[in-house]
Amino acid sequence: MLTVALLGGPLTGKRTLARQLREALDARGIAGVVIADATALMAAAHNELRFNDRGLWPEALAAQRRIGLTLLMGLDLPWVPGGRLSDSPAVREATDTLLRRELQGAGIGFQTVYGHGARRLQAALRAVGAALGRELLPDDPLLRDGSGRWACEACSDPDCEHRLFSALLARRGGG
């Protein structure tokens, strides 16, 4: 059975994607996938950010190694204030930084999921399909014409992501 962990800072779409992913997998008759919109890594990141305590990382990373697929939510969704005063764009970015640092330092592979709405779901379905060894989006027009695919979707290299977004910003005149 495949376990998929959705990780990311506050208000990055974890809960929404978990619900959409479950519905999409159920619609395809795929019931043997467990989707978690939080893991012990989220508690470890929270513990470090709030209390400057790194004590939870070793056990959290050990638990994360047993997860079949780790999806990290991209920071491309617009910030919408939530219910907790402690959440902010800075906390979201700091959480992302901690998660990337710890996953990479421990050699735990992950894929970053970008896109809004259906595109984010499609990116997640591609990753789950690859982990299951089957194509979940065979008739997806985004896959046929190549638009919407991230050039480096097979890797988790942050430098690669940086180059991708730097190039996109440069084309838009923002960098």
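1. Asn-52 is exposed, with a relative accessible area of 69%. In this predicted model, Asn-52 sits in the loop that links α2 to α3. Its backbone is worth a look too: Asn-52 is not a glycine, yet its phi is positive, at about 55 degrees. For background, most residues other than glycine have a negative phi.

2. Leu-11 is another residue to check for its backbone. Leu-11 has a positive phi of about 60 degrees and is not a glycine either. Its place is the loop between β1 (2-7) and α1. Is Leu-11 buried, exposed or partly exposed? With a relative accessible area of 38%, Leu-11 is partly exposed, because that value falls between the 20% and 50% cut-offs.

3. Now for the helices on either side of the Asn-52 loop. The axes of α2 (residues 40-51) and α3 (residues 57-64) come within 8 Å and cross at roughly 160 degrees. The two helices are therefore roughly antiparallel to each other, because angles over 145 degrees are put in that class. The crossing of α2 past α3 is left-handed. On the α2 side, the contact is made by Ala-40, Leu-41, Ala-44, Ala-45 and Glu-48; on the α3 side, it is made by Trp-57, Ala-60, Leu-61 and Gln-64. Sorted by class, these residues give seven nonpolar, one polar and one charged.

4. Two of those α3 residues turn up again around Glu-102. This glutamate belongs to helix α4 (residues 89-105). At 8% relative accessibility, Glu-102 counts as buried, because the cut-off for buried is under 20%. Which residues does Glu-102 touch, leaving aside its neighbours within four places in sequence? They are Arg-54, Trp-57 and Leu-61. Trp-57 and Leu-61 are also among the α3 residues in contact with α2.

5. A second helix pair makes a nice counterpart. Helix α1 (residues 14-27) and α5 have axes 10 Å apart and pack at an angle of about 60 degrees. That makes α1 and α5 oblique to each other. Their crossing is right-handed. From α1, Leu-17, Gln-20, Leu-21, Ala-24 and Leu-25 take part in the contact, and from α5, Arg-120, Leu-121, Ala-124, Leu-125 and Val-128 do. By class, the contact has eight nonpolar residues, one polar and one charged.

6. Leu-21, in helix α1, shows this packing from one residue's viewpoint. Leu-21 is buried, with a relative accessible area of 0%. Setting aside neighbours within four places in sequence, Leu-21 is in contact with Ile-35, Leu-121, Ala-124, Leu-125 and Val-128. How many residues separate Leu-21 from Val-128 in sequence? The answer is 107, while their C-alpha atoms are 9.3 Å apart in space.

7. Arg-120 is the residue I would open next in the viewer. It is placed in helix α5 (residues 118-132). At 3% relative accessibility, Arg-120 counts as buried. What does the side chain of Arg-120 make a polar contact with? Its partner is the side chain of Asp-76, at 2.5 Å. Beyond four places in sequence, Arg-120 is in contact with Thr-12, Leu-17, Met-73, Gly-74, Asp-76, Leu-77, Val-113, Tyr-114 and Gly-115. Leu-17 in that list is also one of the α1 residues that meet α5.

8. Leu-6 brings the strands into the picture. It lies in strand β1 and is buried, with a relative accessible area of 0%. Leu-6 and Met-73 are 67 residues apart in sequence, but their C-alpha atoms are 7.0 Å apart in space. Outside its neighbours within four places, the contacts of Leu-6 are Lys-14, Leu-17, Ala-18, Ile-35, Ala-36, Asp-37, Ala-38, Leu-71 and Met-73. Met-73 is also in contact with Arg-120, and Ile-35 is also in contact with Leu-21.

9. Finally, the whole chain. The protein has seven helices and four strands, and along the sequence they follow the pattern β-α-β-α-α-β-α-β-α-α-α. Of its 175 residues, 41% are buried. Among contacts between residues at least 6 apart in sequence, 70% join residues at least 24 apart. The pairs Leu-6 with Met-73 and Leu-21 with Val-128 are good places to see such sequence separations in the model.

Conventions:
Residues numbered from 1 in each chain as written. Predicted model: local features only at pLDDT ≥ 70, side-chain atom pairs only at ≥ 80, totals over all residues. Heavy atoms only, no water. Axes fitted to C-alpha atoms, helices over the stretch in contact; angles between N-to-C directions. Parallel < 35°, antiparallel > 145°, perpendicular 65-115°, else oblique. Left-handed = near helix turned anticlockwise from the far one by under 90°. Contact = heavy atoms within 4.5 Å. Nonpolar A, V, L, I, M, F, W, Y, C, P; charged D, E, K, R; others polar. Buried < 20%, exposed > 50% of the residue type's maximum accessible area, 1.4 Å probe, protein only. Polar contact = N/O pair within 3.5 Å; in protein donor to acceptor, adjacent residues only side chain to side chain.
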